[in-house]
Amino acid sequence: MSETPEPKTKPADLEVKDAQLIFNSVWRRLEADYGRENLHFPRELILLGGAPGAGKGTNSDFICKVRDITSKPIVVSQLLSSPEAEDIKARGGMVGDREVVSILFRELLKPEHRTGAILDGYPRTQVQVECLKMLHDEMKTMRREFAETPMSAHFRQPHFHIMVLFVEESESIERQLQRGRQVLAHNEEVRRTGIGTMWEERPTDFDVELARNRYRVFKEQTYDALVSLKQIFHFHFINAQAPLDVVQENILRELEYQSSLELDPRTFNALNHIPVASDIVMHARRDLVSRLDGYEIEHSELFHRVIEFIEVKMMPIVLRHAISGYCCINSEDPVLESSLALKMLIDVFSERGFHASVDLQRDEIPVRFDLKTGEVHCRQKKVYRVAIRFKGSEIRRG
């Protein structure tokens with residue numbers, strides 16, 4: 001009778017049970033070593049994953065700047081070369097999930113990560129995914145537990161992000177090989193001149209098949225682990241094949257809306273239909289050009305009247321206020337009675353680098369008094385107050 005071969009991977013329920021055992025063991029040890037009231041984990045944690053060559057190293061500093069994270073990214077592969085991990089290896093042990101979770105959690109407790117941290121290379125297994133979920137749940141539990149105590153400031157609502165920088169396989173391979181060529185050229189120059197530090201020469205940067213295998217490992221392990229958390233944490237998928245400035249613009253757009261991190265989900269959903277300022281600004285110039293061209297084509301006569309009004313009646317006043325960078329002009333000119341003309345005026349000033357706003361003031365002016373009834377007949381006077389702001393002159397003061 002032949003034996004049934006063991007499955008290559010554990011069923012999901014067993015992995016969850018393993019994760020619970022590992023997490024409980026690590027957590028009890030942390031409470032014993034630090035005290036529960038001192039388990040101050042980062043309020044914001046960005047799990048940064050990327051295909052080989054996607055630019056994680058290039059973009060991590062940018063992400064830190066955008067999110068005001070002052071500590072260096074936590075690179076799990078470097079943690080596993082730490083004295084703690086090396087000690088485990090020296091004793092003949094393996095740096096498995098339990099050791100990875102323990103070393104990582106202790107790193108996250110360091111004061112420099114208190115306001116936020118970028119985590120590169122975690123999670124990589126389903127057990128690590130489950131331990132991350134449990135950490136998030138435990139942080140929320142401690143927040144409720146310490147909410148009415150003087151320590152509440154140390155237990156803020158946790159915000160975990162998944163950010164994946166993605167490139168296609170062919171692009172990843174080309175970038176890895178390009179890095180290999182750059183490394184060889186750099187190291188040759190260091191050897192020739194004796195100046196500088198040698199860069200690491202990774203086998204995957206010189207062999208197409210090894211580079212392709214590294215990409216597949218990312219897709220089958222790291223990528224799947226991160227995507228499995230998509231329904232729980234904020235998820236940001238960044239196409240990293242574009243030029244660097246475009247990639248960073250995409251990252252900025254994903255992360256800059258602060259209130260999405262801090263508001264209750266119900267509050268955020270209530271506000272979400274209002275456009276974000278950065279989205280409006282991003283297309284403002286394009287829309288302005290479109291409007292101005294439209295005025296010229298569809299309302300040419302009115303448009304040129306507005307331009308003449310600005311040039312003849314307004315610009316001389318603006319020029320006299322060049323030092324201060326601000327003037328307010330009152331006008332009763334009939335051209336301004338058209339709402340379209342007011343839009344044109346604002347857009348023309350915007351195109352020229354000014355910031356203009358218009359306020360309509362209505363005054364009642366007596367024109368006739370009825371002696372029989374005592375009634376005062378008035379006419380309405382419309383005064384358009386145009387405020388114009390611009391960068392004033394920078395002058396020396398003696």
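Rings of Phe, Tyr and Trp (its six-membered ring) pair if their centres lie within 6.5 Å; planes under 30 degrees apart count as stacked, over 60 as edge-to-face and the rest as tilted. The model is predicted: local features need pLDDT of at least 70, side-chain atom pairs count only at pLDDT 80 or more, and totals for chains, interfaces and linings use all residues. Residues are numbered from 1 along each chain as its sequence is written, and side-chain values use heavy atoms, without hydrogens and water.

**Exercise 1.** Classify the ring pairs F146–F155 and Y215–F218.

*Solution.*
- The ring rule gives 13 aromatic pairs.
- For F146 and F155, the centres are 4.4 Å apart and the planes are at 10 degrees, so this pair is stacked.
- For Y215 and F218, the centres are 6.2 Å apart and the planes are at 55 degrees, so this pair is tilted.

**Exercise 2.** Place Y215 and F218 in their surroundings.

*Solution.*
- Both lie in helix α8, three residues apart, about one turn of the helix. Helices (H or I, at least four residues) are DSSP runs, numbered from the N terminus.
- An α-helix has 3.6 residues a turn, so residues three or four places apart point the same way.
- Y215 and F218 are both buried, meaning under 20% relative accessible area (1.4 Å probe, protein chains only).
- One aromatic cluster is formed by F166, Y215, F218, Y223 and F237.

**Exercise 3.** Decide whether E107 is buried or exposed.

*Solution.*
- E107 sits in helix α5 (residues 97-108).
- Its relative accessible area is 14%, so E107 is buried.

Definitions and conventions: Helices (H or I, at least four residues) and strands (E, at least two) are DSSP runs, numbered from the N terminus. Buried means under 20% relative accessible area, exposed over 50%, partly exposed in between (1.4 Å probe, protein chains only).
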